[in-house]
Amino acid sequence: MSSPFAIESTDLSKRYGSEVAVERLDLAVRQGSVYGFLGPNGAGKTTTIRMLATLLRPSGGEAAIDGVPITDRDTVRERIGYLPETPPLYPELTGREQLQYVAGLRDLPDDEATRRIDDLLARFDLDEDADKRVSTYSKGMKQKAGIIQAILHRPRVVFLDEPTSGLDPRAARTVREVISDLAAEETTVFLSTHILPVVDELADTVGVLFNGDLVAEGPPQKLKQRAETGDERSLEDVFLEVTQEADLPEQAAHTESR
Amino acid sequence: MSVGHAVLVARMELTHRVRKTTDRPTQIVALAVAALFGAIPLLGSIAVAFVVGQGIASGTITDPISTARLAAAVVPLFVTLVVTLRVVQTSGSLTIADGLLTTVSHREAVGGILLSELAIVAVLVGVPSVGVPVAFAVGSGQPAAFPLVFVALVVLSVLGTLLGFVVGLGLRNLVARSEFLARYKTAIGILLFLLYFVGISSQQAGSAIFPVVDALGSSPLGWFADLALFGQGVGADPLSALGAVVVGVVALPVLGWLASWLAALLWYTSPVQPEEEEREPSQMGSLAGVSRPMARIARKSWIRARRGPIRLVYVVYPLFLLFPFVQGAVVSGEVPTALPPLLAFYGAWAAGAAFSLNPIGDEGPVLPVTLTTPVAGSTFVGGLCLAGVAIGVPITLVLAVVTGVLSGLGTLALASVALTAVVLPVAATGIAVGAGVLFPRMESVEVFRGVETTAPSLFAFALYSLVLSISGVPVSLVSTPLTRGIVVDATNYGESVVVAGGLVATVVLAGLAATVGYVFAVRSFDDYYLG
Ligand SMILES: Nc1ncnc2c1ncn2[C@@H]1O[C@H](COP(=O)(O)OP(=O)(O)OP(=O)(O)O)[C@@H](O)[C@H]1O
Ligand SMILES: [Mg+2]
């Protein structure tokens, strides 16, 4: 089965009790592209990513990763990598042991795993601290280990939830380079972030989530073009405009129609 | 230093503690039990105060003042012990240290937690500190006795609290500064607790405590008795009473200052970190004959346990139940025949409890990753069981067989014990994963001396221990000579047949329970969602 879309969803919804976190979300992310997932705090980005990563059971709708429905968890899990908001590491292990552990869970051959781990550790400037315990790591060091762990097995689709949070400029640069490289190797990157320049630079498509709804979607260049006049504005302006509280534009519409 | 800030800190601290306690039903039950036991000495002290008051009034108590001096020493001693323990365990650290210390001065912060501790002490000794003076005043028929006894009790309690802070913070400072203490604090804590336990159970405690109380009674602390009984015509020394006032006026601020100084010393230091990682080569390695993911899961459990042994401290607790047997063996020089099967059973219990009693909660922050790797439930659960079996079976077998030989068990009984020591630990891990998945514990709890980790839930413990015990019943029936005899008489079968039958029954029961537990855990893991 070869679908042109690495991530597809229709009517994907998640409710917590009566609270709606994600509302009938339709996504179609092309193979090998970088999708920038934006939205204010509490918009539902993490919830969406967790559903796509087979960690949360959707309340409604369906989704498929690489053509495989997310209900087929075993197959989906083989093809994805996931970096949660808080880096998932055992404090008692060293960075290297943690990476070896996850490589083992994914059954990578030992020498192959060692090579990749050494490569990535060096690339992220973490090689000197690799044999220290995670409990002694700084926030950024944990984040780096979390990112390495998510891409170690060269997944088809990577979900990165705020990958640059806590990183120094050099490390953030490395992450951006790594994302470009991944996309060049036909890996699809689904990334949520609040740092708009990152998305502006990397994303092929930007989606803005607001109150569980996709309120804007398209290539950054196109979104920045004002529809009526055609002049350019910043991604920040776009974000602020489409994520205004719903009653404001509605009120405006009312006054206009009157 | 603003008293208002300190009061605010104290209020937040108390609210936080009360909510933390009331959020957990088990904590409430524990508290209720503690209150029930606490009420006994409390009512006792009130009764004693009444009788003493009467005795003084009627002249039957000949030397009341020296008895009162001992009492005056016991109050601060008790309070100091309680507060020291609490400071070492929890209240020595601020709940949101960074936020608090960048908002108020450390003097206000320490003032705050002091006040909150005083509030707790007030609950502990508050009732007696009102009840005792009242009972005494009523008993002695002199209402005027109330205020002085009350004042003396309050000052002694505050003194004890401050002293507890100074000692507790001093100990914390030592641990924060000494690499040796930092590294072995778990072991030292367990050792101290064992010593305490041995001391209590050997009934030698009295002879150790009386001299201390005696000495304290003749120290300035005893002067508070003279203050409390001043003007009762019982021979209270006016000079000592005055001395008590001076001690109170001088010691309270000095101790307060010391506590604040020690707190600053503690809170503004970064504690020493025991460095161990350089000594161990970091290779996860593999285990012969086991798939790589499964081997890694087992190894990860071992590494985590070795580096954070506190996580497993609960596995040691049942050993206290075995203590009388071990003590008996040491004293009499011969191993009781009950010990080998008990050890086999404990070994099995520990093998299951150590790594598999909270499969999902133990993953902690890594759970999302574990769940997004293609690891199957059977691999994950199997790896955890392997971690317990690979260590538990050899140790249990050796312990059971060695004690079995020493205790002079017959061949038949020895073989039965050995077989139990092999089969039961394996089954125990299966039962444990089932119970642990049925009752996961996600949030971290304080397991020991202020250390928070994810400990298995009490329900998982109970279910696991119950099922394992039931499976062990047949074999223990046929292993104990008395009950074996009954069974042999009742069934008319030979001894070897009965023993074999008991063994088979246990193997079948344990195997069945383990299979159910294992399959349930595997299924649950495969179907597990975060929400
Ligand atoms: N376990 C939960 N129970 C109840 N409500 C939840 C739960 N998890 C998330 N929510 C709610 O779902 C909504 C979306 O949360 P989500 O974490 O997906 O937001 P987000 O877009 O990732 O925000 P942020 O940018 O702050 O990370 C929020 O309103 C949140 O309160
Ligand atoms: Mg989020």
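A polar contact is a pair of N or O atoms within 3.5 Å. In this predicted model, that criterion leads directly to the surroundings of ligand 1. A polar side-chain atom of Glu19(A) is placed 3.2 Å from an oxygen atom of the ligand, which falls within the 3.5 Å cut-off. The side chain of Thr47(A) offers a further pair, with a polar atom 2.5 Å from an oxygen atom of ligand 1. For Tyr16(A), the partner is a nitrogen atom of ligand 1, and the separation from an N or O atom of the side chain is 3.4 Å.

The extent to which the protein covers the ligand can be stated as an area. Ligand 1 exposes 640 Å² when taken alone, and 63% of that is buried by the protein. Two elements of chain A, strand 2 (19-30) and helix 1 (45-52), each give two or more residues to the surrounding shell. Helix 1 of chain A supplies the largest share, namely three residues. Around ligand 1 there are 14 residues, of which Gly42(A), Lys45(A), Thr46(A), Thr47(A) and Glu85(A) come nearest. Thr47(A) is thus one of the nearest residues and also the one whose polar side-chain atom lies 2.5 Å from a ligand oxygen. By residue class, the shell consists of four nonpolar, six polar and four charged residues.

The confidence assigned to chain A bears on how this chain is read. Its mean pLDDT is 87, and 92% of its residues reach 70 or more. Residues 248-258 of chain A, by contrast, have a pLDDT below 50, and this stretch makes zero contacts in the model beyond near neighbours in sequence.

Elsewhere in chain A, the backbone at Asp11(A) deserves attention. This residue belongs to strand 1, which covers residues 5-16 of chain A. Its phi is near 55°, a positive value in a residue other than glycine. Is Asp11(A) buried or exposed? With a relative accessible area of 32%, Asp11(A) is partly exposed, because that class lies between the 20% limit for buried residues and the 50% limit for exposed ones.

Chain B may be considered next, beginning with its overall composition. Its secondary structure amounts to 19 helices and two strands. The C-alpha trace of chain B spans about 80 × 65 × 40 Å along its principal axes. Of the 531 residues in this chain, 44% are buried. Among the contacts in chain B with a separation of 6 or more, 79% are between residues 24 or more positions apart. The chain exposes about 25,500 Å², with carbon and sulfur atoms supplying 74% of that area.

Two residues of chain B illustrate opposite degrees of burial. Asn492(B) is located in the loop between helix 18 (481-491) and helix 19 (495-526). Like Asp11(A), Asn492(B) is a residue other than glycine with a positive phi, here near 65°. Its relative accessibility is 71%, so Asn492(B) counts as exposed, the threshold being over 50%.

His106(B), on the other hand, is in helix 5 (residues 106-140) of chain B. Its relative accessible area is 15%, and His106(B) is therefore buried, since the limit for that class is under 20%. Which residues are in contact with His106(B), leaving aside its neighbours within four places in sequence? They are Leu101(B), Ser260(B), Ala264(B), Trp267(B) and Tyr268(B).

Note on methods
Residues are numbered from 1 along each chain as its sequence is written. Chains are lettered from A and ligands numbered from 1 in the order in which they are written. Side-chain values use heavy atoms; hydrogens and water are left out. A residue is near a molecule or strand if one of its heavy atoms lies within 4 Å of it. A polar contact is a pair of N or O atoms within 3.5 Å; within protein, one must be able to donate a hydrogen and the other to accept it, and residues adjacent in sequence count only if both atoms are side-chain atoms. Accessible areas come from the Shrake-Rupley method with a 1.4 Å probe; for residues, only the protein chains shown count as cover. Helices (H or I, at least four residues) and strands (E, at least two) are DSSP runs, numbered from the N terminus. Ala, Val, Leu, Ile, Met, Phe, Trp, Tyr, Cys and Pro count as nonpolar, Asp, Glu, Lys and Arg as charged, and the others, Gly among them, as polar. Buried means under 20% relative accessible area, exposed over 50%, partly exposed in between (1.4 Å probe, protein chains only). Contact means heavy atoms within 4.5 Å. pLDDT is the predictor's confidence in each residue, from 0 to 100.
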